[in-house]
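Let's take a walk through this one, strand by strand. Keep the viewer open and rotate as you read.

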Amino acid sequence: MMEKIAEMKGLTKSFGDLKVLQGVDLDLYKGENLVVLGKSGSGKSVLIKILVGLLKKDEGSVMVMGKEISELKLKELNALRLKIGFSFQNSALYDSMTVRENMEFPLVRNVKNLTRKEIDTKIEGLLDSVGLPQSINQMPSELSGGQKKRIGIARTLILNPQIMLYDEPTAGLDPITCVEINTLITQVREEYNTSSIVITHDLTCAKATGDRVAVLLDGQFKAVGEFSEVFENATDERIKSFYDYNF
Ligand code: ADP
Ligand code: MG
């Protein structure tokens with residue numbers, strides 16, 4: 001029996017008349033990469049924002065690391081959030097800061113009494129992991145799109161998150177860089193023992209990084225399982241066409 005690190009049950013969320021999530025059931029198991037697929041506007045970003053407490057659910061339950069998100073006091077929620085790395089869609093580095101300063105910022109803000117050496121060791125270790133040790137003193141403007149993404153992922157890892165949420169990590173990148181980022185996501189999981197949700201439109205990414213994929217359709221997960229299971233046995237025309245369109 002695999003251990004769950006997050007669990008959503010009967011989750012609903014509307015904005016006015018717009019019903020976005022309509023009874024979402026989804027488990028994230030410890031150590032897995034779960035890919036969430038769904039067309040634009042289907043509620044993927046809303047879902048993970050609810051998971052980190054950035055948006056409030058309407059109904060249902062959302063358990064993260066054994067705690068019901070909606071029952072947490074602000075202080076407890078903030079403490080839990082530090083254990084969740086959120087790589088935002090279009091997540092930007094601070095343009096006026098070097099790579100080092102970008103990475104140092106969340107660390108010194110959240111962890112007190114670190115020595116200079118501890119901070120540097122941490123930053124250098126992460127930059128090594130993402131393959132950019134030489135970029136430490138560069139400005140974001142000097143980096144390519146793929147390199148910025150790598151630094152963004154490294155920055156997200158600086159507080160040792162147990163869960164990583166990647167919102168469209170390969171959007172806007174060329175195909176070769178996409179493959180590199182996919183490899184990095186898999187590598188992060190192995191090296192840092194994270195459990196991840198990867199939101200993507202990119203089925204190549206899903207196949208490469210996902211232990212399981214979950215397809216969000218009409219506000220619910222209509223198919224959840226291994227990639228081949230979900231697509232080779234798909235009966236729903238929309239899931240089939242999602243596949244046909246990508247391959
Ligand atoms: P995607 O699957 O592309 O990530 P989103 O989760 O961002 O889609 O959005 C799902 C729907 O919810 C969209 O129609 C979007 O306009 C709407 N939505 C998202 N956030 C808000 C908000 N804060 N207020 C009102 N509507 C929102
Ligand atoms: Mg989105």
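Start with a single pair of residues: M8 has V62 in β4 as its bridge partner. That is one rung of the ladder between β1 (residues 4–15) and β4 (residues 59–64), two antiparallel strands joined by 5 bridges. The strand and helix names come from DSSP runs, numbered from the N terminus, with helices being H or I over at least four residues and strands being E over at least two. Two strands are said to pair if DSSP finds at least two bridges between them.

A word on the ground rules. This is a predicted model, in which local features need pLDDT of at least 70, side-chain atom pairs count only at pLDDT 80 or more, and totals for chains, interfaces and linings use all residues. Residues are numbered from 1 along each chain as its sequence is written, while chains are lettered from A and ligands numbered from 1 in the order in which they are written.

Back to β1 and β4: they belong to an open, antiparallel sheet of 4 strands, in the order β2-β1-β4-β5. The edges are taken by β2 and β5 (67–68), each with a single partner strand, so one side of each has no neighbour in the sheet. In the loop between β4 and β5 you'll find M65. Most residues other than glycine have a negative phi. M65 goes the other way, with a positive phi near 50°. It counts as partly exposed because it has 15 C-beta neighbours inside 10 Å; the scale calls a residue buried if 20 or more other C-beta atoms lie within 10 Å of its own, exposed if 12 or fewer, and partly exposed in between, with C-beta atoms placed from the backbone.

Now for the other sheet. Here 6 strands make an open sheet with mixed pairing, ordered β6-β7-β8-β3-β9-β10. Its edge strands, pairing on one side only, are β6 (84–87) and β10 (220–225). From one strand to the next the twist averages 15°; axes here are lines fitted to C-alpha atoms, for helices over the stretch in contact, and angles run from 0 to 180 degrees between N-to-C directions. At one end, β9 (residues 212–217) and β10 run antiparallel, joined by 5 bridges, and L216 has F221 in β10 as its bridge partner. Helix α1 packs on this sheet, touching β3 (33–37), β7 (163–167), β8 (195–200) and β9, and its direction makes about 155° with that of β7.

How much of β7 is buried? The count is 5 of its 5 residues, so β7 is largely enclosed by the rest of the structure. In a regular strand the side chains alternate between the two faces of the sheet. For β7, both faces are covered: I163, L165 and D167 are buried on one side, M164 and Y166 on the other. Its partners run parallel to it: 4 bridges link β6 to β7, and 5 link β7 to β8. You can spot S87 bridging to Y166 in β7, and M164 standing opposite S196 in β8. Just look in the loop between α5 (145–156) and β7 for N160, another residue that has a positive phi, about 55°, without being a glycine.

Over in strand β6 sits F86, which is partly exposed because 18 other C-beta atoms lie within 10 Å. Leaving out residues up to four places away in sequence, F86 touches V52, T156 and L165; a contact means C-beta atoms, placed from the backbone, within 7 Å.

Next, the ligand. Ligand 1 is surrounded by F15, L18, V20, G38, S40, G41, S42, G43, K44, S45 and V46, where a residue is near a molecule if its C-beta atom, placed from the backbone, lies within 6 Å of it. The elements giving two or more residues to this shell are β2 (18–29) and α1 (44–51), and α1 supplies the largest share, 3 residues. So which kinds of residue make up the shell around ligand 1? They divide into 4 nonpolar, 6 polar and 1 charged.

Finally, zoom out. The protein chain has 9 helices and 10 strands, and its C-alpha trace spans about 55 × 45 × 40 Å along its principal axes. Buried residues make up 36% of the 247 residues.

Definitions and conventions. Nonpolar A, V, L, I, M, F, W, Y, C, P; charged D, E, K, R; others polar. Contact = placed C-beta atoms within 7 Å.
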